[in-house]
Amino acid sequence: MLYSGLEILAGDDEATKRWKARTVTDLIRLRDALRQANQPGLPSRAPDPDKRRLQIATWNLREFDSGRYGYRLPEAIYYIAEVISAFDLVALQEVRADLEAFNRLLGTLGPAWKAVMTDSDTSTSAHGERMVFLFNSTRVQFQGTAGEVTLSDGDRLFLPDSVDLAIPGGIEIELPDGTDLPQPAKILSEKRADGGYNIDPAALVDLPAGTKIVLPQGIQLAFKGAADEFSYDVVNGRIANKRLDLKSGKTRKFSEPVRLRWPSNMLELGSQQFARTPFIVYFQSDWMKLALCTVHIFYGSNAEGSPEMARRTAEIRALTRSLAKRASAEGNSDSDSYFMVLGDFNIKSREHGTMAALEDNGFVVPPLIREIPAGTNVKRDMYYDQMAFWMGQGATSPHTHLSVSDAGVFDVFKHVFREGDDDPAGEDEAYFRRRMKDVKREYGDYREWRTHQISDHLPMWVEIETDFADAYLTALKGG
């Protein structure tokens, strides 16, 4: 960590002197909390800095950075950096295309800290996000391999919203007599940068049976396989005189193997892949080689039975299936590599189907993570963020083994940007309301505003053994 930016200089105005002095006080309190939060059973925990083990964390940094509730204050960057520095390797989600705040964060962490990241995802569902790994290069080495995870043909997401048909000029339909279109029960929306709103995800309206649609130019009938309309002759053992029965009359019905062939520019197929592309990076610490895949799974809606919930569960299951195939294949040539998924899975609860999907295909959430007494959101009642290791066939090594020695969630808001019982006198809220005025951005809801300064998620972490030299040398001696 580099703290030189907190030195009070001769040219600093009173507001700058005030936030620098306050930030120093807060950082002392935060550092003390991080050092003392390693006792088992605490709801807010951090790893023991004196233990020589690899400490891996995942943290969704809300819209890092976005002007929706004002950009991050300088002190927020210091607080975030202080927490990150308590770990060795951190997966970050929701890092936005503009890297100005991220570069400030990386500079504050100091020269030992390095980053590996994706470019910003420009798809509508990804909101310009990047996937990022930050790592302390004195403890962790990047192995030179990184890539985005896409689904092969057999693993693609074929869901109710997998294929949308677009018609140039708009869609014209004819409803059966006596029918009408019902309003959807719920319309979800996303605020645009210009202040307007878009529907996101799609609002679905059921069409009555018998609805007719006017097709545009360019649509074709595609006759496939054993279509009833296909006939031919066999002459001297060879097929001849091939033909199609195209029926007659104004209304014509064709058999099931017949399809409508749409021009590719009228199809929207993006939802067959992940809403935000997962990112896998290979690291090594001491004896442990780790393939870490960070994700931010589609959210949409928490309603059971909704297409959005079906998509969320399907994304998680497709990810673990794809990674399990890769882990199995790579384990055949390098049994010392271990696969881990971590990030914002939008897990609804530990008993929900989204958690079951995470633990499909040989992935296991360590018991020490399952035993964490509260969730990873600010209210501590949701279990969106998770970590899981692949323990399928081939996940063994003669020299190393996966040993999770500790895990926890650190509640940043108990120490900075406090409120309620953590700040009964309301000192933090009063101070930061003055800070809003300093930067000429005032917001009525302090509780919501502070989640745009830090996050609406808390960092989850796990600690694993990485040094197996004693066991290896003992085995050599015994041999």
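The paragraphs below lead through the sheets, an aromatic pair, the empty spaces and two backbone details of this predicted model. Residues are numbered from 1 along each chain as its sequence is written, and side-chain values use heavy atoms, with hydrogens and water left out. Because the model is predicted, local features need pLDDT of at least 70 and side-chain atom pairs count only at pLDDT 80 or more, while totals for chains, interfaces and linings use all residues.

One open sheet has 6 strands in the order β3-β4-β2-β1-β22-β21, with mixed pairing; strands here are DSSP runs (E, at least two residues) and helices are runs of H or I with at least four residues, numbered from the N terminus, and two strands pair if DSSP finds at least two bridges between them. At the edges stand β3 (113-117) and β21 (404-409), each of which pairs on one side only. On average, neighbouring strands of this sheet are turned by 20 degrees against each other, direction ignored, where axes are lines fitted to C-alpha atoms, for helices over the stretch in contact, and angles run from 0 to 180 degrees between N-to-C directions. Within the sheet, β1 (residues 54-64) pairs with β22 (residues 460-464) in the antiparallel sense over 5 bridges, and A57 stands opposite W461 in β22. Helix α2 (residues 74-84) packs on the sheet and touches β1, β2 (89-95), β3 and β4 (130-136), contact meaning heavy atoms within 4.5 Å; the direction of α2 makes about 155 degrees with that of β1.

Another open sheet of 6 strands follows the order β5-β16-β17-β18-β20-β19, again with mixed pairing. Its edge strands are β5 (141-148) and β19 (363-364), each pairing on one side only. Strand β17 (residues 288-296) runs parallel to β18 (residues 337-344), and the two pair over 8 bridges; V295 has G343 in β18 as its bridge partner.

Aromatic side chains form 16 pairs in the structure, a pair being rings of Phe, Tyr and Trp (its six-membered ring) whose centres lie within 6.5 Å, with planes under 30 degrees apart counted as stacked, over 60 as edge-to-face and the rest as tilted. F133 and F279 make a tilted pair, with 6.1 Å centre to centre and 40 degrees between the planes. This pair links distant parts of the chain, since F133 lies in strand β4 and F279 in strand β16 (residues 279-285), 146 residues apart.

Empty space was searched on a 1 Å grid over the protein atoms alone: a cavity is a set of points where a 1.4 Å probe fits but cannot get out, a pocket is an open set with protein on both sides within 12 Å along at least five of seven lines, and lining residues have an atom within 4 Å of a point. The second largest pocket has a volume of about 590 Å³, and of its 18 lining residues the closest to the centre are L215, L221, R252, F254 and L260. Strands β10 (212-213), β11 (220-222) and β14 (259-261) each supply at least two residues of that lining. There are 3 cavities of 30 Å³ or more, and the largest cavity holds about 60 Å³ of space; among the residues lining this cavity are T118, D119, R130 and R276.

Two backbone details remain. A cis peptide bond, with omega of about 10 degrees, joins F64 and D65, and D65 is found in the loop between β1 and α2. K247, a residue other than glycine, has a positive phi near 65 degrees and lies in the loop between β13 (238-244) and β14. Most residues other than glycine have a negative phi, and most peptide bonds are trans.

Note on methods. Grid points are joined across faces, edges and corners, and a volume is the space filled by probe spheres set on the points.
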